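Consider how charged and aromatic side chains pair with one another in the chain shown here. The sequence and structure come next.

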Amino acid sequence: MTENKFLTSVADVKLFDDKTGDLILNGKTLLNSSMTQAIQSQAIHAGKGSKKIFEYNYQKELSFSIEDATFNTSYICLQNNTKVLRELADYYTNEFITLDSTGKGTLSQEPVGNIHVENENGMYTQIIPNGKDFTYPTLSGQEVQVSYAYKEMMDNITLSADSFPKAVRMVLNGDIMTNNGKEEEMQIVVPKFKPDGAMELSMTHDGVSSSALAGTSLADNKGNYAYISFKTVNDDDVPVIKIAASPSEIDLDSTVSGDSEQITVYGIRGGSYGVVLLDNTKLTFTSDEPTIATVDADGLVTLGTAANAGDTTVIRITDGKAKDIVEVTVL
């Protein structure tokens, strides 16, 4: 009896530079990852009663939505086609300073430009500092809050009005589960994933800001949007219901010592599954008349030692259930 399968709601994601192949992002703890396919359709109605006689499809789109459980600056860079640069920049800070009896105070950093000192009424007074020192006699002997900016070597991301996201190669990995545990691993490869550029940083007291990434797939040079692969993690697989050997007939030349030909075997799984190339080492090959034609474990048929022109025999192939034959004729 076939087990019900479930695709888990989380997945890992890898993003690679479309040109260099460099790994840009490796998200390990995605909260939500989804793929949505949409197809537009147009119906043609004609005749009495305006019957629907034809429908054609167009504008197929594949869109993705990814949300990382962690905050990652790489998502900001991807949505803006920019890089993180280490450089000097203004950093704004608040600092509490106790003024001496003359109203003098010393900051921990040397400010850039003027500083702003909070008064008892909550208003701020702008003061010109002297290096790290400043004087505000009005609040002498008190602790004051000072707001100012200072230069710091930091990682910076510039959000330019003229920069837009570029396409990257995206790989999504998810698990397919049954009641007995993991059954398969699913991999979705999107050769050209184009982020939509949308970005939101949510800063609230009752939550955390995660990294979100959404976009659509562009067609690659083969005209495809994505490739989905399934890897089984146990011995279960879609069973083969028929096997087909190629070629179905083999002619061996009696004048050529050791004349041979290779058999290739395909498996038919039925339903929505395509034909699959089978591993010959997992099949059984036998010859009805080994003196006319022999066959080895890899499916190589060779002219027998006692073969003469006009002789015939049959090579039988089986995977344990399905069977097929190849007819051999000696010329």
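The report below treats salt bridges, then aromatic pairs, then a charge placed over a ring.

This is a predicted model, in which local features need pLDDT of at least 70 and side-chain atom pairs count only at pLDDT 80 or more, while totals for chains, interfaces and linings use all residues. Residues are numbered from 1 along each chain as its sequence is written, and side-chain values use heavy atoms, with hydrogens and water left out.

**Salt bridges**

With a salt bridge taken as a side-chain nitrogen of Lys or Arg within 4 Å of a carboxyl oxygen of Asp or Glu, the count comes to eight. Three of these are listed in the table, each with its closest N to O distance.

| Acidic residue | Basic residue | N to O distance |
|---|---|---|
| Glu 184 | Lys 5 | 3.0 Å |
| Asp 90 | Lys 151 | 3.2 Å |
| Asp 288 | Arg 316 | 3.0 Å |

Glu 184 forms its salt bridge with Lys 5; because Glu 184 lies in strand E12 (residues 181–195) and Lys 5 in the segment before strand E1 (6–17), the pair ties together parts that are 179 residues apart in sequence. Strands here are DSSP runs of type E with at least two residues, numbered from the N terminus. Accessibility is described as buried under 20% relative accessible area, exposed over 50% and partly exposed in between, using a 1.4 Å probe and protein chains only. On that scale Glu 184 is buried at 12%, whereas Lys 5 is partly exposed at 46%.

The salt bridge of Asp 90 and Lys 151 links distant parts of the chain, with Asp 90 in strand E5 (residues 85–98) and Lys 151 in strand E10 (residues 143–156), 61 residues apart. Asp 90 is partly exposed at 34%, and Lys 151 is partly exposed at 45%.

Asp 288 and Arg 316 form a salt bridge that joins the loop between strand E20 (284–287) and strand E21 (293–295), where Asp 288 lies, to strand E23 (residues 312–318), which holds Arg 316, 28 residues apart. Asp 288 is partly exposed at 36%, and Arg 316 is partly exposed at 41%.

**Aromatic rings**

Rings of Phe, Tyr and Trp (its six-membered ring) pair if their centres lie within 6.5 Å, and planes under 30 degrees apart count as stacked, over 60 as edge-to-face and the rest as tilted. The count by this rule is five aromatic pairs. The ring centres of Tyr 148 and Tyr 150 are 6.1 Å apart with planes at 45°, so this pair is tilted. Tyr 148 is buried at 2% relative accessibility, and Tyr 150 is buried at 12%. Elsewhere, ring pairs link Phe 54, Tyr 56 and Tyr 58 into a cluster.

Finally, Arg 169 lies over the face of Phe 16, at 4.4 Å from the ring centre, where a charge sits over a ring if NZ of Lys or CZ of Arg is within 6 Å of the ring centre and within 35 degrees of the ring normal.

How values were computed:
Helices (H or I, at least four residues) and strands (E, at least two) are DSSP runs, numbered from the N terminus.
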